[in-house]
Amino acid sequence: EEDSIFCMLEDENGDEHKFEVIAECEYQGAKYYAMIPALDSDMNDEFCEYVILKEVVEGENESLVSIDDNEEEFNAVADIFDNLFDEEIDYDTPKQ
């Protein structure tokens, strides 16, 4: 898509990977992003699990951090995204 937002994320090994932001939300005053690995356009119909990252601002520095280690926070934010994605899917429209 033309209006897609992509970002490069560095993993724990220092390797960079390209991700697409598919949604964002706010929870308890913090901003969260749902992202999927950027794939070739011919793979768009395949299911892809998304990751959730939290925006952290320290001074003038912004970073995205995983919330996997905080089960309560992760579950609450995942529920928000799951509900958002359920609203966006039209189950009555056949795939073309």
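**Entry 1: Leu 64**

I began with Leu 64, which I found in strand E5, residues 61-66. The model I am reading is a predicted one. Leu 64 has a relative accessible area of 30%, so I noted the residue as partly exposed. I then looked up its contacts, leaving aside neighbours within four places in sequence, and listed Leu 9, Tyr 33, Met 35, Leu 53, Lys 54 and Glu 55. For Leu 9 I also took the spacing: the C-alpha atoms of Leu 64 and Leu 9 lie 8.6 Å apart, although 55 residues separate the two in sequence.

**Entry 2: the chain as a whole**

I stepped back to see what surrounds that strand, and counted one helix and five strands in the chain, which follow one another in the order β-β-β-β-β-α. Of the 96 residues, 25% are buried. Among contacts with a separation of 6 or more, 31% are between residues 24 or more positions apart. I put the exposed area of the chain at about 7,700 Å², with carbon and sulfur atoms supplying 43% of that area.

**Entry 3: salt bridges**

How many salt bridges does a search of the whole structure find? I recorded two. As background, side chains of opposite charge can pair when their charged atoms come close.

In one of them, the side chains of Lys 31 and Glu 24 meet with an N to O distance of 3.3 Å. Lys 31 counts as partly exposed because its relative accessibility is 27%, and Glu 24 is likewise partly exposed, at 40%.

I also looked up the bridge between Glu 73 and Lys 54, where the closest N and O atoms are 3.2 Å apart. This pair links distant parts of the chain, since Glu 73 sits in helix H1 (residues 71-88) and Lys 54 in strand E4 (residues 51-58), with their positions 19 residues apart. Glu 73 is at 13% relative accessibility and therefore counts as buried, whereas Lys 54, at 23%, counts as partly exposed. I noted that Lys 54 is also one of the contacts of Leu 64.

**Entry 4: Glu 20**

Having seen a buried glutamate with a partner, I turned to Glu 20 in strand E2. Glu 20 is buried yet has no salt bridge. Which side chain of opposite charge is nearest to Glu 20? I found Lys 18, at 8.9 Å, and that distance is beyond the cut-off, because a salt bridge needs the nitrogen within 4 Å of a carboxyl oxygen. Not counting residues up to four places away in sequence, Glu 20 touches Ser 4, Ile 5, Phe 6, Ala 34, Met 35, Ile 36 and Ala 38. Met 35 appears here and also in the contact list of Leu 64.

**Entry 5: a negative patch**

On the surface I marked a negative patch formed by Glu 10, Glu 12, Asp 15 and Glu 16. Asp 15 belongs to the loop between strand E1 (5-10) and strand E2 (16-27). Is Asp 15 buried, partly exposed or exposed? I wrote down partly exposed, because its relative accessibility is 41%.

**Entry 6: Gln 28**

Last, I checked the backbone at Gln 28, which has a positive phi of about 50° although the residue is not a glycine. Gln 28 lies in the loop between E2 and strand E3 (30-37). With a relative accessible area of 70%, Gln 28 counts as exposed.

Notes
Residues numbered from 1 in each chain as written. Predicted model: local features only at pLDDT ≥ 70, side-chain atom pairs only at ≥ 80, totals over all residues. Heavy atoms only, no water. Patch = residues over 30% accessible without salt bridge, like charges linked within 9 Å, V, L, I, M, F, W, Y side chains within 5 Å. Areas by Shrake-Rupley, 256 points an atom, 1.4 Å probe, with all protein chains shown as cover. Lys, Arg positive; Asp, Glu negative; His and termini not counted. Charge placed at Lys NZ, Arg CZ, Asp CG, Glu CD. Helix = DSSP H or I, 4+ residues; strand = E, 2+ residues; numbered from the N terminus. Buried < 20%, exposed > 50% of the residue type's maximum accessible area, 1.4 Å probe, protein only. Contact = heavy atoms within 4.5 Å.
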